[in-house]
Amino acid sequence: MPDQAPLRPSPNAPCPCGGGEYAACCGPALDGATPPPTAAALMRSRYTAFALSDTRYLLESWAAATRPRELSLDPGTDWRRLVVIDVVDGGADDPTGIVEFRAVFRDADGRGELHERSRFVREDGRWRYLDGAHRD
């Protein structure tokens, strides 16, 4: 069964990550026009990709050493809100970065929250998600 095309909000709609209008926030990254300049921007764009069911972007933005061969998302998960808690490094000149966040969602079991401290690395000049440790 072929993958469905990911959802895309209108350009002036709020970005799912909460960072402004989609076209000025995560839209350029998900559309492949502009890579995220920081680890935090990549984390925000990955949250948006989860919210929009964009497995292509999620896999492309994953570090080669830890990237799964395939990824399936639960279509019943509705990502509601992202809160960035902490950012360590991950700037334009850094080789690594850490972003801690909380992502609120709703699924068949009700409201849930993902709390993760994610590690990011530069690979071929682009930020990539390496891995994450779940927090309570």
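A salt bridge is a side-chain nitrogen of Lys or Arg within 4 Å of a carboxyl oxygen of Asp or Glu. Keep that in mind for the close-ups below, which come from a predicted model where local features need pLDDT of at least 70, side-chain atom pairs count only at pLDDT 80 or more, and totals for chains, interfaces and linings use all residues. Residues are numbered from 1 along each chain as its sequence is written, and side-chain values use heavy atoms, with hydrogens and water left out.

**View 1. A salt bridge within helix α3 links E60 and R56**. Here the two side chains meet with N and O 2.7 Å apart. Both residues belong to helix α3, which spans residues 55–60, and they sit 4 residues apart, about one turn of the helix. Helices (H or I, at least four residues) and strands (E, at least two) are DSSP runs, numbered from the N terminus. How accessible is E60? Its relative accessibility is 43%, so E60 counts as partly exposed. R56 is partly exposed too, at 37%. For all the views, buried means under 20% relative accessible area, exposed means over 50%, and partly exposed lies in between (1.4 Å probe, protein chains only).

**View 2. Two further salt bridges, D78 with R80 and R117 with D86**. Side chains of opposite charge can pair when their charged atoms come close. In the pair of D78 and R80, the N to O distance is 2.6 Å. D78 is partly exposed at 36% relative accessible area, and R80 is partly exposed at 47%. In the pair of R117 and D86, the closest N and O atoms are 3.2 Å apart. R117 lies in strand β3 (residues 110–123) and D86 in strand β1 (residues 78–89), so this salt bridge ties together parts that are 31 residues apart in sequence. D86 has a relative accessible area of 29%, which makes it partly exposed. Which residues are joined into one network by salt bridges that share partners? They are R8, D31, D54, R56 and E60. The structure holds 11 salt bridges.

**View 3. The open sheet, with helix α2 packed on it**. Follow the 4 strands in the order β1-β2-β3-β4, with antiparallel pairing; two strands pair if DSSP finds at least two bridges between them. At the edges stand β1 and β4, each with a single partner strand, so one side of each has no neighbour in the sheet. On average, neighbouring strands are turned by 30° against each other, direction ignored. Axes here are lines fitted to C-alpha atoms, for helices over the stretch in contact, and angles run from 0 to 180 degrees between N-to-C directions. Strand β2 (residues 96–107) pairs with β3 in the antiparallel sense over 12 bridges. V104 has E113 in β3 as its bridge partner. Helix α2 packs on the sheet and touches β1, β2, β3 and β4, its direction making about 165° with that of β1. Contact means heavy atoms within 4.5 Å.

**View 4. S45, a residue of helix α2**. Is S45 buried or exposed? S45 is buried, with a relative accessible area of 1%. Its side chain makes a polar contact with the side chain of Y57 at 2.6 Å. A polar contact is a pair of N or O atoms within 3.5 Å; within protein, one must be able to donate a hydrogen and the other to accept it, and residues adjacent in sequence count only if both atoms are side-chain atoms. Leaving aside neighbours within four places in sequence, S45 is in contact with C26, A29, L30, P36 and Y57.

**View 5. G90 in the loop between β1 and β2**. G90 is buried, with a relative accessible area of 2%. Not counting residues up to four places away in sequence, G90 touches T38, A39, T96, G97 and W127. The C-alpha atoms of G90 and E116 are separated by 16 Å, and these residues are 26 apart along the chain.

**View 6. S53 and D124, each with a positive phi**. S53 is not a glycine, yet its phi is about 60°. Look for S53 in the loop between α2 (39–51) and α3, where it is partly exposed at 39% relative accessibility. D124, also not a glycine, has a positive phi of about 55°. D124 sits in the loop between β3 and β4 (126–134) and counts as exposed at 76% relative accessibility.
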